[in-house]
Amino acid sequence: MNQPSKPDKEILVQPPVEHTGIKVSKPKTYAAGLEAVTSSFKHVFGLAGLVRGAKGMIRLNQKNGFDCPSCAWPDPDDHRAKSEFCENGAKALASETTKRRVDPAFFAKHSVAEMSQQSDYWMEQQGRLTHPVVLRPGATHYEAIEWDEAFALLAESLNELDDPNEAVFYTSGRTVNESAFLYGLFVRMFGTNNLPDCSNMCHESSGAAMTKSVGVGKGTVTLKDIETAETLLVVGQNPGTNHPRMLSSLQTAVRGGAEVIAVNPMKEAGLIGFAHPQEMLGMMGVATPLATQYLGVKINGDQALFQGLSKAVLELEDESPGEVIDHSFIEEHTAGSEEFIAHIKTINWDEVELRSGISIEEIRAAAKNIVRGEKKLITCWAMGLTQHRNSVATLHDVVNLHLLLGAIGRPGAGLCPVRGHSNVQGDRTMGIFEKMPESFHDRIDSVFQFNSPRAVGYDVVNSILAMHEGKASVFFAMGGNFLQASPDTDFTAEALQKCKVTAHVATKLNRGHLVTGETGLILPCLGRSEADHAESGELQFATVENSMGVIHQTQGTLDPISDQLLSEIEIVARLAEATLGEKATLDYRHAARDYDRVRDLIEKTIPGFENFNERVRVPGGFYLYNGAANREFETESGKAEFSTEEMSSVDLEEGELVLMTIRSHDQFNTTVYGLHDRYRGIHNERRIVFMNTEDMAERGIKPLQKVTVSNHSGGRDRVVSGFLAIPYELPRSAVAGYFPELNALVPIDSVAAISNTPTSKSIPVQIAAEAE
């Protein structure tokens, strides 16, 4: 093994404090257009080359192609454009199909500490992982390891544990259904439910709230519903960057007469207008206006806003009895309405305005829009609603508004939590959850003839705490970037470094691979775009589930970047075989050699997958049954349940501001594709914080001045420095900045009630100017 040519440096668990030459321009007033097209081609052809890039683009999101490894927005059921992808989908494709390689020679050249001194963008640009590698105890460099030795090392470490609950098995949303199913089955045969996943950090609050209220934790609408709605509330979401293909659906709805009401503390280009890049006028920069009303709510003022909307709707009902709320739906399909209505009538408008930051006049105007026509209302939301202490209560109030209007379970109306990763919803369907219902355990016990553990396992936050406290010492990640996606970066790093073994299945290098236990492993897998052959040699497909409950094929065709890559499914099967030995009641390797066999097992185990192999071969796949979409509510009462919640919002001490973490336009989750955020007018820089101009003046902070941002919750000092202050249109006391850089400020013990989701959208902070 090559040693570093100079003394090793410390391992940086956070990105280095460096600036890259910021340029600031005026924020955009629409998303997409010609710039999105040129950016797409630049990324794809620049990294993958003309031939490989073109082959990838023509198969991306097609019925005979592969699912985008980026967001989970659904594809059209019928006709699909030849370029059925967005700019950020193109960036994800470029990242995966790049010809650059991170091979054993790369690891011999660069020590772990040296790599950690580089930016996250640098790591992303190095290329695809090509070989399994190991960082042995005390070593400074990763070195190549044979697959058999890697599985043997992991199996030995797992089997040496005193208790299976001392292992943590994380899952990222990129994991396909077949590997997620086998993975969850293996983990439970091993003896634990420690199956944290990225949902714990994003839409866990949605699942908790919706399951209680309407009996299902998934969205209740289809693309057709979106396009035929009368009013679309788009709340706590930035579709122009995070779900760009959603803009096409919003445009179709607006052209059909729908009103879009945007609710967001920041003015986002993709909520203001959309220049369709497949239309001539769009290419010329002529945009379709989207939001007819833009409510610049305070950070965490959403619950107050939704209670205010319900109050305004009830006022309209008082003015026109029997014409506004849906009495027959409430009587036949709901429980708890009387208590809820009584509560809403007692709330104070002054408190609504104070907590939401929205005037009574604006709220009443929005309510009038919502109740017009057939009251076909859809509310779409993302992390802006789910990552606060009161997120579950807030989402109950979102559902309450819909129940008042009967705006669920009928065409053009319903609830739409917009998932952020391509198969995060499918992984949960497959059983990746630390507390699956008893019926699931009974089913796998019956099918696979073993006794699965019933004790609730660790979610993400509890996994970090367990590793930090020495209660867990083996960490295995099926994809993702656990270190940087998690809260309290330094605390999470300490937890991982206390482990005996940390292992990551991955396609690209990230900082999480550099912050390891005593032994670190990186196991490279095939990407979505790459060909995966069955035992017979036949090209085979896997399956995924999109944000609207459609199960469909994903089949790569490109030549793999390395002949050393294994599929996710084979990695799981070989790990299970090595670890379980004779304890296994399934021949995992046999199942993994033909994915039809895995789907047959899913069909036997999980409701809704009858005739799985037959139905998924129909182009476009099939919808899973959704009870709430059919007004069948699997709740304790058997009805949709109103929830009566006390109004709350984040409370700040004197001198504090509230920070929400956001993505730039050149990133997807923790993956940094570039250094630009062109819709917000930021170029060539990530180390920035957006601030209200009055808050800046109050603190003596000048534009582009370096500031220190800190949080001191729970007796732990969290401080980041060298961030550039950017004046921006935000409510007073509101601050925004990019994750993962600012995840270091999210306290490990600041979580949403019930869902335990980190509160990454409402972090009390102090900001001070640094000396110039």
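These are my notebook entries on a predicted model of one protein chain.

**Confidence**

I started with the pLDDT, which averages 95 for the protein chain, with 99% of the residues scoring at least 70. Residues 1-7 are a stretch where it falls below 50, and that stretch has 12 contacts in the model beyond near neighbours in sequence. Where pLDDT is low, the predicted coordinates should not be read in detail. I left that stretch alone after this.

**Second largest pocket**

I then went looking for open space. The second largest pocket has a volume of about 840 Å³. I counted 40 residues in its lining, and Ser83, Glu84, Ser248, His276 and Gln278 are the ones nearest the centre of this pocket. By class, the lining splits into 20 nonpolar, 11 polar and 9 charged residues.

Which elements each supply at least two residues of that lining? I noted strand E2 (31-32) and the helices H1 (34-48), H2 (50-59), H10 (223-228) and H12 (246-255).

**Helix H12**

Since H12 came up at the pocket, I looked at its burial next. Of its 10 residues, 7 are buried, so H12 is largely enclosed by the rest of the structure. The buried ones are Met246, Leu247, Ser249, Leu250, Gln251, Ala253 and Val254. After H12 comes Gly257, with a positive phi near 105°.

**Leu60**

Leu60 sits in the loop between H2 and helix H3 (87-97). Is Leu60 buried or exposed? It is buried, at a relative accessible area of 0%. Setting aside neighbours within four places in sequence, I found Leu60 in contact with Phe66, Asp67, Cys68, Glu84, Phe85, Gly89 and Leu93. One of these, Glu84, also turned up among the residues nearest the centre of the second largest pocket. I also checked Leu60 against Leu558: they are 498 residues apart in sequence, and 11 Å apart in space from C-alpha to C-alpha.

**Cavities**

For closed space, my count is 6 cavities of 30 Å³ or more. The second largest holds about 220 Å³. It is lined by 17 residues, with Val176, Gly527, Arg528, Asp532 and Ala542 closest to its centre. I sorted the lining of this second largest cavity by class and got 6 nonpolar, 6 polar and 5 charged residues.

**Helix H8**

Helix H8 covers residues 177-190. From first C-alpha to last, its 14 residues reach 20 Å, close to the 20 Å expected at 1.5 Å a residue. How many of the residues of H8 are buried? The number is 14 of the 14, so H8 is largely enclosed by the rest of the structure. Gly191, just after H8, takes a positive phi of about 125°.

**Helix H26**

H26 runs over residues 489-497, and its buried residues are Thr489, Phe491, Thr492, Ala493, Ala495 and Leu496. What covers them? I noted that the cover includes helix H24 (460-468), strand E16 (474-478), helix H25 (482-485) and strand E17 (501-506).

**Phe622 and Glu653**

Phe622 belongs to strand E21 (residues 622-623). With a relative accessible area of 8%, Phe622 is buried. Apart from neighbours within four places in sequence, Phe622 is in contact with Gly549, Val550, Ile551, Gly608, Phe609, Phe612, Arg615 and Val616. I compared it with Ala725, 103 residues away along the chain, and the C-alpha atoms of the two are separated by 48 Å.

Glu653 lies in the loop between strand E22 (640-641) and strand E23 (657-662). It is exposed, at 60% relative accessible area. Between the C-alpha atoms of Glu653 and Val765, 112 residues apart along the chain, I read a separation of 9.6 Å.

**Backbone oddities**

Most residues other than glycine have a negative phi, and most peptide bonds are trans. I listed some exceptions.

- Lys375 has a positive phi near 55°. It lies in the loop between helix H19 (360-370) and strand E14 (377-381), and it is buried, with a relative accessible area of 14%.
- Asn684 also has a positive phi, near 65°. Its loop is the one between strand E26 (682-683) and strand E27 (688-691), and at 25% relative accessibility Asn684 counts as partly exposed.
- Phe739 and Pro740 are joined by a cis peptide bond, with omega about 10°. I placed Pro740 in the loop between strand E30 (734-738) and strand E31 (763-769).

Conventions. Residues are numbered from 1 along each chain as its sequence is written. This is a predicted model: local features need pLDDT of at least 70, side-chain atom pairs count only at pLDDT 80 or more; totals for chains, interfaces and linings use all residues. Side-chain values use heavy atoms; hydrogens and water are left out. pLDDT is the predictor's confidence in each residue, from 0 to 100. Contact means heavy atoms within 4.5 Å. On a 1 Å grid over the protein atoms alone, a cavity is a set of points where a 1.4 Å probe fits but cannot get out, and a pocket is an open set with protein on both sides within 12 Å along at least five of seven lines; lining residues have an atom within 4 Å of a point. Grid points are joined across faces, edges and corners, and a volume is the space filled by probe spheres set on the points. Ala, Val, Leu, Ile, Met, Phe, Trp, Tyr, Cys and Pro count as nonpolar, Asp, Glu, Lys and Arg as charged, and the others, Gly among them, as polar. Buried means under 20% relative accessible area, exposed over 50%, partly exposed in between (1.4 Å probe, protein chains only). Helices (H or I, at least four residues) and strands (E, at least two) are DSSP runs, numbered from the N terminus. The expected span of a helix is 1.5 Å times one less than its number of residues.
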